[in-house]
Amino acid sequence: MIGLVDCNSFYASCEQVFRPDLTNKPVVVLSNNDGCIIAANKEAKALTDIPMFQPIFKIRKLLDENNVTYFSSNYTLYSDMSRRVMDTLMTFSPRVEEYSIDESFVDLGCLKIDDYNVIAHNIKNTVHKNTGIPVGVGIAKTKSLSKLANKYAKKIQLNNNVFVVDSEKKRQHLLRNLQVKDIWGIGKKHTIRLQNNGIHTALDFANMPVAWVRKEMTVIGERLWRELNNIPCLELETEASAKKGIGTAKSFGYKLTDYSLIEEACSYYVAEVADLLRQQKSLASQIEVSLQTNQHSSIDKQYRNKIYMNLDTPTDSTLKLTKEALKGLRQIYKNGYRYKKVGVNLTQLVHQNEVQTNLFANPHKSESECITRVIDNLNSKFGKNKIKVATVGNRTKEWALIKEHRSPRYTTQWGELMTVGSSLCKPNKLVF
Amino acid sequence: MNNLENILIKKSENSHRVKRPTQTGFSSPATHYAEPRIDLNEVLVTNSSATFFIRVVDDEHNEVGINTNDVLIVDKSIIPKRNQFALATVEDSFKIIKIDETSLSELNIWGTITYIIKSTL
């Protein structure tokens with residue numbers, strides 16, 4: 001049996017754990033740059049007047065009128081809370097697949113369990129007790145069914161967001177009450193095709209002849225069909241595979257015309273992605289730089305471009321990568337535009353130990369790679385970005401993302417701990 | 001500058017094994033007796049995924065010995081017993097509460113205070 005544990009309104013819930021005054025109140029979280037709403041809790045969703053994905057400046061008044069609390073996204077906090085939920089799940093089963101930041105599959109088949117309803121409630125209560133995050137649990141024989149069970153529990157809000165498919169009757173009941181569009185992995189196109197063939201509920205789909213499904217929806221559709229018919233086809237992926245590309249593309253807080261500021265932002269992002277590259281012990285053979293204006297603006301002239309820079313030998317050196325990236329940026333930059341976003345993407349990654357060098361390459365680590373190691377060690381000792389490449393500069397404020405409403409990083413920074421007491425002055429400088 | 005590898009600053013590794021001296025080749029007599037150094041996390045944090053650190057920012061709890069700038073270690077997974085300290089939510093804010101016989105069922109407990117870190121400087 002496989003359980004799917006899904007956090008309710010995860011980002012908003014993370015904020016509420018540390019803010020008892022927000023219990024049962026509407027909370028929304030804004031996208032990078034405070035652009036628009038990306039997450040809302042149950043109470044906020046119930047306020048139907050509030051449009052999702054609208055620029056914040058257009059709806060600020062509406063939010064204030066409805067007493068909605070809004071936060072800039074605080075991914076540092078969310079990723080730590082996600083880790084805590086995962087670690088708690090690991091106490092129930094040694095095999096857990098982190099499917100997304102707020103969803104995990106838990107292998108319960110390796111345990112001796114008589115009543116899966118008991119374990120489902122136990123998981124739900126323990127995660128909530130340990131972390132303060134409310135979750136829903138679906139348990140079934142296959143991944144696809146457990147995902148559906150979870151969805152169904154949330155939809156009908158019965159039994160405390162828990163649904164266990166432990167009998168044929170319950171499987172039929174579950175599938176009868178969900179639409180084909182609810183099935184994990186069936187997109188819009190297939191939904192329409194299935195509906196045109198008179199297949200409306202998930203049960204209709206599961207009852208089709210397998211040959212028909214294979215013909216119409218290839219082997220992927222067949223796999224789904226099997227999963228819904230209690231035949232496991234999808235394995236739990238407990239080992240995170242190394243990423244094949246690492247990138248970031250963030251908007252500037254302000255539109256930029258000054259080339260040197262764009263260069264600073266670009267260097268900053270190269271350092272950020274190069275750090276992730278080294279963490280997964282990979283080297284990059286290519287770096288892609290992209291630059292664009294604000295495509296939503298009706299007054300600005302539009303321009304976007306990207307360039308791929310190939311590296312002679314795969315590297316993880318921030319210095320080398322920065323040099324190549326800035327060379328590329330120089331080539332695609334055009335004067336006279338108001339730029340909104342720069343992106344950096346490392347591609348064609350290889351593992352450190354599996355490098356193919358050319359005949360004339362020096363097998364020893366290059367000077368720039370050694371310098372990068374020294375910088376990493378100093379930064380891990382004295383703090384992020386204490387030592388950086390000069391092109392990163394010191395004018396972060398002039399281009400960085402606007403995060404006006406970000407909550408403290410309660411769990412990762414000594415200077416931003418949660419506080420108890422009535423005093424309003426925050427001892428931000430007192431750290432151990 | 002060519003020999004950068006020699007001046008590479010190494011991050012200390014979390015190892016307690018005694019290295020074999022390269023000069024003599026003889027093992028240190030301590031080889032079989034070395035142990036990992038004391039780590040406060042081992043005793044102060046038993047359930048790390050449920051443990052949170054919280055700063056006290058006023059002198060409201062002076063009478064129980066909790067002062068401004070102390071850091072509370074709070075374990076959410078533990079249910080507090082009588083005479084233990086807990087962090088509770090009272091009227092939308094956090095309060096430190098000493099548990100007595102009557103209060104537990106009426107309280108909104110956020111977590112149990114397991115340790116208080118104070119600076120004596």
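Visitor: Why is B:Ile96 counted as buried?

Guide: Its relative accessibility is 9%. Buried means under 20% relative accessible area, exposed means over 50%, and partly exposed is in between (1.4 Å probe, protein chains only). B:Ile96 has 9%, so it gets the label buried.

Visitor: What kind of model is this?

Guide: It's a predicted model, where local features need pLDDT of at least 70 and side-chain atom pairs count only at pLDDT 80 or more, while totals for chains, interfaces and linings use all residues. Residues are numbered from 1 along each chain as its sequence is written, chains are lettered from A and ligands numbered from 1 in the order in which they are written, and side-chain values use heavy atoms, with hydrogens and water left out.

Visitor: Okay, back to our isoleucine. Where does B:Ile96 lie, and which residues does it touch?

Guide: Look at strand β4 of chain B, residues 93–98. Helices (H or I, at least four residues) and strands (E, at least two) are DSSP runs, numbered from the N terminus. Leaving out residues up to four places away in sequence, B:Ile96 touches A:Val420 in chain A, plus several residues of chain B, including B:Val56, B:Leu72, B:Phe85 and B:Ile113. Touching means contact, with heavy atoms within 4.5 Å.

Visitor: How far apart in space are B:Ile96 and B:Ile38?

Guide: From C-alpha to C-alpha they are 30 Å apart, with their positions 58 residues apart in sequence.

Visitor: How is the rest of chain B built?

Guide: Chain B has one helix and five strands, and from the N terminus on they run α-β-β-β-β-β. Of its 121 residues, 28% count as buried. Take the contacts in chain B between residues at least 6 apart in sequence: 44% of them join residues at least 24 apart.

Visitor: What is worth pointing out about the phi of B:Asn69?

Guide: Most residues other than glycine have a negative phi. B:Asn69 isn't a glycine, but its phi is positive, at about 75°. You'll find B:Asn69 in the loop between β1 (51–56) and β2 (71–75) of chain B. B:Asn83 also has a positive phi of about 75° without being a glycine, and its place is the loop between β2 and β3 (85–90) of chain B.

Visitor: Are those two asparagines buried or exposed?

Guide: Neither, they're in the middle class! B:Asn69 comes in at 26%, so it counts as partly exposed. B:Asn83 reaches 49%, so it is partly exposed too.

Visitor: Now chain A. What makes α11(A) oblique to α12(A)?

Guide: Helix α11 (residues 259–279) and helix α12 (residues 318–332) of chain A pack at an angle of about 140°, with their axes 9 Å apart. That makes α11(A) oblique to α12(A), because under 35 degrees counts as roughly parallel, over 145 as roughly antiparallel, 65 to 115 as roughly perpendicular and the rest as oblique. The axes are lines fitted to C-alpha atoms, for helices over the stretch in contact, and angles run from 0 to 180 degrees between N-to-C directions.

Visitor: Which residues of α11(A) and α12(A) meet?

Guide: Among them are A:Tyr259, A:Cys266 and A:Val270 in α11(A), and A:Leu321, A:Ala325 and A:Leu329 in α12(A). The residues of this contact divide into 11 nonpolar, three polar and three charged. Here Ala, Val, Leu, Ile, Met, Phe, Trp, Tyr, Cys and Pro count as nonpolar, Asp, Glu, Lys and Arg as charged, and the others, Gly among them, as polar.

Visitor: Why are α8(A) and α10(A) called oblique?

Guide: Helix α8 (residues 188–196) and helix α10 (residues 210–228) of chain A also pack at about 140°, with their axes 12 Å apart. That angle falls in none of the named ranges, so the two are oblique to each other. A:His190, A:Arg193 and A:Leu194 in α8(A) meet A:Trp212, A:Glu216 and A:Met217 in α10(A). That contact splits into three nonpolar, one polar and two charged residues.

Visitor: How many disulfides are there?

Guide: Zero, over all chains. A disulfide would need a pair of cysteine sulfur atoms within 2.5 Å. As for single cysteines, A:Cys266 is at 0% and so counts as buried, whereas A:Cys233, with 30%, is partly exposed.

Visitor: And what makes A:Arg95 partly exposed?

Guide: Its relative accessible area is 31%, so it belongs in that class. A:Arg95 is in the loop between α4 (75–90) and β5 (96–100) of chain A. Residues it touches include A:Phe105, A:Asp107 and A:Glu235.
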